[in-house]
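Colleague: I have just opened this one and would love a friendly tour. Could we go through it with a few questions?

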Amino acid sequence: MSGPLLHSPANILRQVLVDLGLASYPPAAQWACSIDVEPDEPEDSITLYDTDGRDFGRTMPDGERQEMHGVLIRVRSGDGQEGYAKARAVAAALDSVRMQAVTVGSAAYLVWSVSRTTDVVLLVKETFVSKRNLRTLNCVVSVRMAA
Amino acid sequence: MAAKKSMVEVEGLGRVVKATRHWGRRHSDAEYTVGYSAPYAVYVHEDMEARHPRGGQAKFLEQPARTQGNALAAVCRQAVKAGLPLQEGLRLQAERLLQMANQLIPVDTGFLKRSGAVRRAR
């Protein structure tokens, strides 16, 4: 299903969140969305990481490999309830993604679907000093470059 | 893009899938859970940026569960082939997953690793 991708699935999913109005590119005052590395500021932020996905083998008619890519979404917030609300909003929005066209840089992609593998997971506080709230949710993404 | 037939539309496959599920339900209703009971297990599992000087990584349970599906299924298949009941095959499969996770789990005091267990869910 995926074929060649010029950007990682986490990067592509970030653009989906930005297009849906749930996140912004850094620098942003709130809900800046980063990839692979969680910045110290802003306090309310979203970070996406690539994780292992799922391999469904090949389709019989044409031998195309069917795979979905894993993404972990981490939501950090100063206020616990705000963070939960944001994480649930992201989860609900991902549930509705279907054949969404996104553009990352000069590359166009088609996100077929996003399947969540977990609900919003509450982690312990970030550190004993900052006490910022951390939540994660996991999903697998089906994506290919647009023709 | 050309339309593809989904697998369930291929003639006869639906009957095979249905028969396999029926056989599975008849021979075993066992379900096993693999997990870690340490209170901070989820935090360690989900923290992708943590550095573990003694080795180990995040997603220590998810990674083998996703990437070693065929190997895990083979454990159950071989057990059943050897004459063991299906629920025993499932238990061995769960134990194997726990072994794989224990090879990836970060170790500091060893408490997290020791908290890993296989439990029969039903």
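**Salt bridges, cores and helices**

Colleague: Are A:Glu38 and A:Arg76 buried or exposed?

Modeller: This is a predicted model, where local features need pLDDT of at least 70, side-chain atom pairs count only at pLDDT 80 or more, and totals for chains, interfaces and linings use all residues. Residues are numbered from 1 along each chain as its sequence is written, chains are lettered from A and ligands numbered from 1 in the order in which they are written, and side-chain values use heavy atoms, leaving out hydrogens and water. A residue is called buried under 20% relative accessible area, exposed over 50% and partly exposed in between (1.4 Å probe, protein chains only). By that rule, both A:Glu38 and A:Arg76 are buried.

Colleague: What do the side chains of A:Glu38 and A:Arg76 meet in, and how many residues apart in sequence are the parts that the pair ties together?

Modeller: They meet in a salt bridge, with 3.6 Å from N to O; the term needs a side-chain nitrogen of Lys or Arg within 4 Å of a carboxyl oxygen of Asp or Glu. Helices (H or I, at least four residues) and strands (E, at least two) are DSSP runs, numbered from the N terminus. A:Glu38 sits in the loop between strands E1 (32–35) and E2 (45–58) of chain A, whereas A:Arg76 is in strand E3 (residues 65–77), so the salt bridge ties together parts whose separation in sequence is 38 residues.

Colleague: Which residues are linked with A:Glu38 and A:Arg76 in a network of salt bridges?

Modeller: A search of the whole structure finds 15 salt bridges over all chains. The network holds A:Glu38 and A:Arg76, and the residues linked with them are A:Arg74 and B:Asp47.

Colleague: Which residue meets A:Asp55 in a salt bridge?

Modeller: The N to O distance of this pair is 2.8 Å. A:Asp55 is in strand E2 of chain A and its partner in strand E3, 10 residues apart. A:Asp55 counts as partly exposed at 46% relative accessibility, and the partner, at 39%, counts as partly exposed too. That partner is A:Arg65.

Colleague: And in chain B, which helix holds both B:Glu95 and B:Arg91?

Modeller: These two form a salt bridge, with their closest N and O atoms 3.6 Å apart. B:Glu95 is partly exposed at 31% relative accessibility, and B:Arg91 is partly exposed at 28%. They are 4 residues apart, about one turn of the helix, and that helix is H5 (residues 86–104).

Colleague: How far apart are the end C-alpha atoms of H5(B)?

Modeller: The expected span of a helix is 1.5 Å times one less than its number of residues. With 19 residues, H5(B) should therefore span 27 Å, and the model agrees: its end C-alpha atoms are separated by 28 Å.

Colleague: Which parts of chain B do the buried residues of H4(B) pack against?

Modeller: Helix H4 covers residues 69–81 of chain B and reaches 18 Å from its first C-alpha to its last. Its buried residues are B:Leu72, B:Ala74, B:Cys76 and B:Ala79. They pack against helix H3 (62–67) and H5.

Colleague: How many residues does the largest nonpolar core have?

Modeller: A nonpolar core is a set of buried Ala, Val, Leu, Ile, Met, Phe, Trp, Tyr and Cys residues joined through side-chain atoms within 4.5 Å. In soluble globular proteins, nonpolar side chains tend to be buried together. Among the members that touch the most others are A:Leu13, A:Ile46 and A:Leu94, and the size of this core is 32 residues.

Colleague: How many residues are in the other core, the one with B:Leu72?

Modeller: Elements of chain A that each supply at least two residues to the largest core include helix H1 (9–19), helix H2 (80–95) and strand E7 (133–145). The other core lies apart from it and has B:Ala41, B:Leu72, B:Leu98 and B:Ile105 among its members, out of 15 residues.

Colleague: Which chain B residue is in contact with A:Asp50?

Modeller: A:Asp50 is found in strand E2 of chain A and is partly exposed, at 26% relative accessibility. Contact means heavy atoms within 4.5 Å. Leaving aside neighbours within four places in sequence, its contacts include A:Ser8, A:Asp36 and, from chain B, B:Met48.

Colleague: Last one: what pattern does chain A follow along the sequence?

Modeller: Chain A has 2 helices and 7 strands. Buried residues make up 49% of its 147 residues. Read along the sequence, the pattern is α-β-β-β-α-β-β-β-β.
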